[in-house]
Amino acid sequence: MDAVRLIVTNRRALAGSGDPPDVMAEVWQAQALAQAIGSRLAVSGPPELRGEALGLTELAGRGCGVLDRPDIDAEALRAAQLTELGDARQALMYLGGLLGEVSIALVGLASAADDESTYWQCMEAIDAADESRDRVLEMLRRLADRDEALPA
């Protein structure tokens with residue numbers, strides 16, 4: 001499945017999740033998807049994005065690592081369903097939106113957390129999502145710079 005379809009699916013699932021464990025599972029899915037997209041861009045994306053894409057892969061991996069891994073079977077793991085990136089700019093625009101929504105959802109969870117463990121998991125995951133989004137925005141900027149530099 002292409003990246004944009006997976007991102008849209010993740011956004012819908014995140015928006016539709018209500019219980020904290022479901023929100024955390026969708027946040028984890030989003031970070032895993034960001035990691036897979038970053039990895040794909042680092043290997044086969046435009047050359048000017050490869051360094052930032054590698055950074056995205058690492059940051060999104062950290063985002064997964066700070067959260068408890070949800071009980072998701074391989075067929076439901078969206079990152080494993082990524083077969084093609086499609087248009088890098090479009091995928092990055094959608095991914096940036098998803099990561100912003102992840103941060104918002106995590107702020108809501110952190111503010112309602114009953115225990116310190118959940119609170120700190122959310123805070124670390126917010127940091128990872130925000131830093132991942134910064135990488136996505138930098139990649140979009142680099143694509144824009146490349147397009148401006150191309151002769152008409």
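**Close-up 1. E52 in helix α3 is buried.** The relative accessible area of E52 is 15%, where buried means under 20%, exposed over 50% and partly exposed in between (1.4 Å probe, protein chains only). This is a predicted model, in which local features need pLDDT of at least 70 and side-chain atom pairs count only at pLDDT 80 or more, while totals for chains, interfaces and linings use all residues. Residues are numbered from 1 along each chain as its sequence is written, and side-chain values use heavy atoms, with hydrogens and water left out. Helix α3 covers residues 50-65; helices (H or I, at least four residues) and strands (E, at least two) are DSSP runs, numbered from the N terminus. Neighbours within four places in sequence aside, E52 is in contact (heavy atoms within 4.5 Å) with R135, E138, M139 and R142.

**Close-up 2. A34 in helix α2 is buried.** Helix α2 spans residues 20-44, and A34 has a relative accessible area of 0%. With neighbours within four places in sequence left aside, the contacts of A34 are L56, A60, L95 and L99. From A34 to L109 the C-alpha to C-alpha distance is 21 Å, at a sequence separation of 75 residues.

**Close-up 3. Y119 and W120 form an aromatic pair.** Rings of Phe, Tyr and Trp (its six-membered ring) pair if their centres lie within 6.5 Å; planes under 30 degrees apart count as stacked, over 60 as edge-to-face and the rest as tilted. This rule gives a count of one aromatic pair. The pair of Y119 and W120 is edge-to-face, with 5.0 Å centre to centre and 85 degrees between the planes. Y119 is partly exposed at 32% relative accessibility, and W120 is partly exposed at 46%.
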